[in-house]
Amino acid sequence: MQREHGGDEWAGPTGTFLIERHAATAMASAHWHDHVEVNLLLEGRMTYLFNGRREAVEAGRLVLFWAAIPHQTIEVTGPAPLVCIYLPLADFLALPLEKQDRQSIMQGQFLTEIATEAQDATQVPRWEREWRSGSAARRRLVVEEIRLRVRRLIIDHAETEQMAPSTSVAPSVGAAIRHVEALTELISDRYAEPLNVTDLANLASIHPSTANTAFRNVLGLSVNQYLTRYRVARAMQLLTDSDTAVMTIGFDCGFGSSSRFYDVFKSQTGTTPRQFRESIGSIKPPKTGDSRKLHRE
C-alpha cells in the first residue's frame, strides 16, 4: 500500500510490522499509532511537530520516535520521498537494549542519526521493495535486518551521550507553534497534577481560548485531548518498564480514579491497562510486583 505521509489517521493494522514509501506532505493535524517509527527521507527536508517540539529531518539521516506521541509533518521542502518503517511496540521492547535507552524513546526522545550512513541510502529503499514484493523468507530477513539497524542506531547515540532531545530549530511557523511548545512543555512536566485548560493557559500566560485554538490549528485536537493522550503514553511506558501496581500508575499519570484510567486507556489503545501489561510481559522476563488489581479489570 502506498499513500502520502499527510493523512491524519493511522491506516495500518495495530501491532503489525509495516514498511511504506510515501511522498511527504504537510499534515492537516497530528496523528499517532502504537509503533516505534523509523524514517529515512531520501531527498529534501521536512519538519515534524513532535510532542509539541519542532524537529528538523534531513535527507539521508535516519530518525526514530515512539509514534504513540502525537506527531505531525508541518513543513516539507522540495521533492520528499520518505520511507517509513513501523516497528510494533512489542518488537521494540523485545530488543536487547539498556533500560534507560529504551525509556528515553518512550518518554519522548526524537532520535536523529548523528552522521549520515551511506549504506542507508541503498539499504532502506531495498527493505521497502523486498517487504512490498519479496517472499515470506525475504520479509523475515528484512525484519531481522531492521531490528539490528535500530539497535545500532540507539546504541550509537547512547555511546556518544547524545540521547538528549534534539535541539535543532526549524523555521518559525507562527505564534500558534510557540503556544503549543509552551503548553506541551508544561504538560510534560506536570501531567501528573490535576490540570485543566485554564490552569495550563494561566501557567503559560495565554488565554484559555487562545490555547485551545492554537492546539486545534496546530495539532488538530484540544489541550485536554492532548493531555489525555500524553497521560496514556506515559502510563504505557510505566506499565512496560515498572512493577508498579496498575492502579498506582493510573493515579501517578494524572487520572483521578481507577475507572477513569480504565475507560480512557481502553478507548485509546483498545485494551485494558492490565491486558496491555500482560501482552508486553509475554515477550519479556516475568517480574514480581504489587499484586493489587485495578478496579474493573
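Trainee: Which residue stands opposite Arg54 in β4?

Mentor: That's Leu49. Keep in mind that this is a predicted model. As a general idea, strands of a sheet pair through backbone hydrogen bonds, and the pairing can be parallel or antiparallel. Here, β3, residues 45-50, pairs with β4 in the antiparallel sense, over six bridges.

Trainee: What is the order of the strands in the open sheet?

Mentor: Read it as β4-β3-β6, three strands with antiparallel pairing. The edge strands, β4 (53-58) and β6 (71-77), each pair on one side only. From one strand to the next, the twist averages 25 degrees.

Trainee: Okay, and which helix lies across β3, β4 and β6?

Mentor: Look for α5, residues 175-190. Helix α5 runs at about 110 degrees to β4.

Trainee: Let's try cavities. How many of 30 Å³ or more does the structure hold?

Mentor: A cavity is a space where a 1.4 Å probe fits but cannot get out. This structure holds one of 30 Å³ or more, and the largest cavity has a volume of about 40 Å³.

Trainee: Which residues line the largest cavity?

Mentor: You'll find Val38, Leu62, Ile85, Val124, Trp127, Ile146, Arg149 and Val150 around it. Two elements, α3 (120-133) and α4 (136-159), give two or more residues each to that lining. The largest share, three residues, comes from α4.

Trainee: And how does the lining divide into nonpolar, polar and charged residues?

Mentor: Seven are nonpolar, none is polar and one is charged.

Terms used. Residues numbered from 1 in each chain as written. Predicted model: local features only at pLDDT ≥ 70, side-chain atom pairs only at ≥ 80, totals over all residues. Heavy atoms only, no water. 1 Å grid on protein atoms, 1.4 Å probe; cavity = no way out; pocket = protein on both sides within 12 Å on 5 of 7 lines; lining within 4 Å. Points joined across faces, edges and corners; volume = space filled by probe spheres on them. Helix = DSSP H or I, 4+ residues; strand = E, 2+ residues; numbered from the N terminus. Nonpolar A, V, L, I, M, F, W, Y, C, P; charged D, E, K, R; others polar. Pairing = 2+ DSSP bridges. Axes fitted to C-alpha atoms, helices over the stretch in contact; angles between N-to-C directions. Contact = heavy atoms within 4.5 Å.
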